[in-house]
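Biologist: I am new to this structure. Could you take me through it, one question at a time?

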Amino acid sequence: LTMLCEENCLSYSLNERRWMWSIDDIRQKSMDKGLALVLSEKLLRMHCDVQEALTFVSCFGKRVQRDVLSMASRDAEELSQLMACLETAVEENILEEDNGYYSFPHDLIQQAAYERVPEEVAFSYHFNIGLRILKNSVFKGQTDPISLVSFVALDQILAAKSVTVSEPALRVPLAALFLRAGRYSLGVAAFPSALSYFERGLSFMGDDGWELNFELSLRLHESACHACYLTALPDRVPTYVDEVISHTENFMDQVKCHHMAMRTLASTGKIKKAIYKFFEVMKELGEEFPDKVDPSLIFSTLTSTKDDLSKYSTEDLLNSPKMTDKRKQWAIILMGSMSPYIFMVTPMLSPMISARIVFLSLRYGLTTESAFGLFMYSYGIGCLLQDIDEGHRWIRTSRLMLERFNATSQYPKLKCVQYAFLIYLKEPFQSITSVLLDCRQETMMVGDIEYAIFSSTWRGQFAVLTGEHLSQVEKECDSLSKDMVSTKLC
């Protein structure tokens with residue numbers, strides 16, 4: 001209405017004491033001009049300084065806090081000029097101010113303000129805004145690197161896309177901040193965002209990143225590889241694996257990427273290739289397994305492990321020292337990660353895997369995966385040696401072990417296999433099915449794709465066994481299958 005008044009399409013007549021308008025002129029404007037164009041013309045009629053201020057604010061989206069604008073300004077003088085221009089915009093109803101926030105009344109107004117400059121210029125706006133916020137907060141030590149303010153700054157730099165810096169004094173700190181932001185995002189299951197942060201961090205390292213800072217480059221490549229796997233981008237995982245292998249000589253610098261390569265192969269149906277790679281990597285870590293496994297070997301291995309554990313009370317085991325040998329830590333991690341697939345393809349090897357995890361834990365100390373190995377051993381004792389009570393004893397101990405390490409990300413996996421493999425021997429099937437459905441959601445939230453799939457599969461199996469209506473079970477299984485396929489989980 002204000003715009004129509006300014007263009008003399010709407011006016012108040014003092015003589016007739018009423019509003020007058022030309023409906024034809026108004027219709028003509030509506031027909032000839034889209035709303036975005038009309039709003040753009042409104043912006044372009046304002047003073048150039050106000051236009052510049054609105055473009056600046058539009059880089060934050062529809063809404064921005066005044067304190068953030070303060071940190072994004074070069075100095076007090078620039079901030080004063082910015083606030084004056086924004087007040088003019090508020091008076092003209094282009095912008096709204098409420099409780100310390102500035103916001104655009106409509107998305108199209110924000111878009112018009114943002115698009116008044118070429119894309120390359122907008123990118124430079126974003127980059128400079130993000131850099132100023134970091135310089136005025138994080139780089140001065142006034143804000144934690146993973147605070148909300150930091151994410152505002154990093155998202156601005158992320159929006160700048162190809163814009164970067166050449167000074168090593170800035171490249172390394174920026175890359176390190178993006179690494180931390182990505183790791184935090186992984187922790188809250190924001191996998192696509194995490195990948196964006198890692199890749200932006202790598203862009204600051206450049207072609208000479210490995211020479212500039214080897215450790216930071218390695219961590220960024222490892223993390224990006226992990227994020228690609230979690231984001232269901234299997235085709236991009238080999239790129240990061242090859243990059244790490246080509247720039248490292250120490251096998252321990254490569255093992256994390258080898259792990260992601262195994263998980264990617266397995267999750268895309270190439271299970272035999274994943275297992276073959278598993279045995280190759282385990283050999284490099286000093287752990288080999290027999291080519292042939294028969295029932296007598298399984299029985300003797302489980303019995304020997306039972307004898308070893310009999311020397312420990314629950315308290316003794318929980319108070320064992322933490323494992324410090326990195327090679328053994330990774331050996332246990334890989335065995336725990338690949339055990340479901342080994343169970344699917346070569347089930348007779350599974351008891352050997354669990355016994356090896358227990359053996360290494362007793363000899364070298366405990367790690368978070370020790371709890372999972374202890375559970376797997378419990379399954380072998382309960383199902384193969386028919387010692388249900390002994391199996392349940394070590395199940396309880398495995399739970400306590402996770403509590404000792406505060407390994408909350410491992411809870412869903414352990415809960416899933418406990419209910420699917422052993423607890424059902426003592427509890428009704430009906431109590432198992434709902435727990436397994438919960439496990440699927442819980443494992444997805446911590447990025448455990450394999451056990452999200454297994455939880456869904458086992459939920460369907462138990463639902464059939466409990467006598468649930470088959471048509472309902474079919475619908476649920478169909479829904480879960482489509483969900484997994486849509487996210488490329490299987």
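**Salt bridges, surface and backbone**

Modeller: Arg-116 is partly exposed, because its relative accessible area is 30%. Keep in mind that this is a predicted model.

Biologist: Which residue forms a salt bridge with Arg-116?

Modeller: A salt bridge needs a side-chain nitrogen of Lys or Arg within 4 Å of a carboxyl oxygen of Asp or Glu. For Arg-116 the closest N and O atoms of the pair are 3.6 Å apart. The partner is partly exposed, at 38% relative accessibility. It is Glu-52.

Biologist: How many residues apart in sequence are the parts that Glu-52 and Arg-116 tie together?

Modeller: Glu-52 lies in helix H4, residues 48–58. Arg-116 sits in the loop between helix H7 (107–114) and helix H8 (119–136). The pair therefore ties together parts whose separation in sequence, in residues, is 64.

Biologist: How many salt bridges does a search of the whole structure find?

Modeller: The pair of Glu-52 and Arg-116 is a salt bridge. Glu-215 and Arg-219 also meet in a salt bridge, at 2.5 Å from N to O. For the whole structure, the search finds ten.

Biologist: Which helix holds both Glu-215 and Arg-219?

Modeller: The two residues are four apart, so about one helical turn separates them. Glu-215 is partly exposed, at 40% relative accessibility. Arg-219 is partly exposed too, at 23%. Their helix spans residues 214–230 and is H13.

Biologist: Which residues are linked with Arg-219 in a network of salt bridges?

Modeller: One salt bridge joins Arg-219 to a side chain at 2.5 Å, N to O. Another joins Arg-219 to a side chain at 2.8 Å, N to O. The partner in this second pair is three residues from Arg-219 in helix H13, so about one helical turn lies between them. The residues linked with Arg-219 are Glu-215 and Glu-222.

Biologist: Is Glu-222 buried or exposed?

Modeller: Buried means under 20% relative accessible area. Glu-222 has 5% relative accessibility, so it counts as buried.

Biologist: How many disulfides are there?

Modeller: A disulfide needs two cysteine sulfur atoms within 2.5 Å. By this rule the count is zero.

Biologist: Which cysteine has the sulfur nearest to Cys-48?

Modeller: Cys-48 is in no disulfide. The nearest cysteine sulfur is 8.6 Å away. It belongs to Cys-85.

Biologist: Is Cys-59 buried or exposed?

Modeller: The cut-off for buried is under 20% relative accessible area. Cys-59 has 6% relative accessibility, so it is buried.

Biologist: What is the accessible area of the nonpolar surface patch that includes Ile-23?

Modeller: Ile-23 is found in helix H2, residues 23–32. Ile-23 is partly exposed, because its relative accessibility is 40%. The patch is formed by Tyr-12, Trp-19, Trp-21 and Ile-23. Together they have an accessible area of about 470 Å².

Biologist: What is the phi of Ala-189?

Modeller: Most residues other than glycine have a negative phi. Ala-189 has a positive value. Ala-189 is found in the loop between helix H10 (168–187) and helix H11 (191–205). Its phi is near 65°.

Biologist: Where is Ala-232 found?

Modeller: Ala-232 has a positive phi of about 60°, although it is not a glycine. Ala-232 is buried, because its relative accessible area is 10%. Ala-232 is found in the loop between H13 and helix H14 (237–247).

Terms used: Residues are numbered from 1 along each chain as its sequence is written. This is a predicted model: local features need pLDDT of at least 70, side-chain atom pairs count only at pLDDT 80 or more; totals for chains, interfaces and linings use all residues. Side-chain values use heavy atoms; hydrogens and water are left out. Patches are made of residues with over 30% relative accessible area and no salt bridge: like charges are joined within 9 Å, nonpolar side chains (Val, Leu, Ile, Met, Phe, Trp, Tyr) within 5 Å. Accessible areas come from the Shrake-Rupley method with a 1.4 Å probe; for residues, only the protein chains shown count as cover. Buried means under 20% relative accessible area, exposed over 50%, partly exposed in between (1.4 Å probe, protein chains only).
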